[in-house]
Amino acid sequence: VAGGVQARLTLHPLLAQVCKEKHRFERLMDYFRNEDSSIDFMVACMQFINIVVHSVEDMNFRVHLQYEFTKLGLEEFLQVWGGQGA
């Protein structure tokens, strides 16, 4: 959907309030970390994260999004998960 990612990023404050998130993408990362039985779900989460980060044209905002995912523990999770031979 054209503009879908931008719409998602724009509407996130409302979604965060409804979901009671302290940080953007917190709920997504919770599901991602706790759903290790479904490889398809985990792959879909990684695809979504890549689309969100790489669809932004502003390099500063792209780096900020990468930092948000890092702050939520994405890198550590991937290192642990990758170390399990999954």
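This is a short dialogue on reading the helices, core and salt bridges of a predicted model.

Visitor: Let's begin with the overall fold. How many helices and strands does the protein have?

Guide: Keep in mind that this is a predicted model. The protein has five helices and zero strands. Follow the sequence along and the pattern reads α-α-α-α-α.

Visitor: What share of the residues counts as buried?

Guide: Of the 86 residues, 29% are buried. For the outside, the accessible surface is about 6000 Å², and carbon and sulfur atoms account for 57% of that.

Visitor: And what should I look for inside?

Guide: The general idea is that nonpolar side chains tend to be buried together in soluble globular proteins. In this model, the largest nonpolar core has 16 residues. The members touching the most other members are Phe 25, Met 29, Phe 32, Ile 49, Leu 65, Phe 69 and Leu 74. Helices α2 (26-34), α3 (39-54), α4 (59-71) and α5 (74-83) each give two or more residues to this core.

Visitor: Which helix gives the most to this core?

Guide: That's α3, with five residues.

Visitor: Can we zoom in on one member? Which residues does Leu 74 touch, leaving out those up to four places away in sequence?

Guide: Leu 74 touches Met 29, Phe 32, Met 46, Ile 49 and Phe 69. You can also ask how far apart in sequence contacting residues are across the protein. Taking contacts between residues at least 6 apart, 52% join residues at least 24 apart.

Visitor: Now the charged side chains. How many salt bridges are there?

Guide: Two, going by a side-chain nitrogen of Lys or Arg within 4 Å of a carboxyl oxygen of Asp or Glu. In one, Glu 68 pairs with Arg 24, and their closest N and O atoms are 2.7 Å apart.

Visitor: Why does that pair tie together parts that are 44 residues apart in sequence?

Guide: Look at where each partner sits: Glu 68 is in helix α4, while Arg 24 is in the loop between α1 (4-19) and α2, so the bridge links parts 44 residues apart in sequence.

Visitor: Are Glu 68 and Arg 24 buried or exposed?

Guide: Both Glu 68 and Arg 24 are buried.

Visitor: Where do Arg 33 and Asp 30 lie?

Guide: Both are in helix α2, three residues apart, which is about one turn of the helix. Their side chains form a salt bridge, at 2.9 Å from N to O. Buried means under 20% relative accessible area and exposed means over 50%, so Arg 33, at 29%, counts as partly exposed, and Asp 30, at 32%, is partly exposed as well.

Methods:
Residues numbered from 1 in each chain as written. Predicted model: local features only at pLDDT ≥ 70, side-chain atom pairs only at ≥ 80, totals over all residues. Heavy atoms only, no water. Core = buried A, V, L, I, M, F, W, Y, C linked by side-chain atoms within 4.5 Å. Buried < 20%, exposed > 50% of the residue type's maximum accessible area, 1.4 Å probe, protein only. Helix = DSSP H or I, 4+ residues; strand = E, 2+ residues; numbered from the N terminus. Contact = heavy atoms within 4.5 Å. Areas by Shrake-Rupley, 256 points an atom, 1.4 Å probe, with all protein chains shown as cover.
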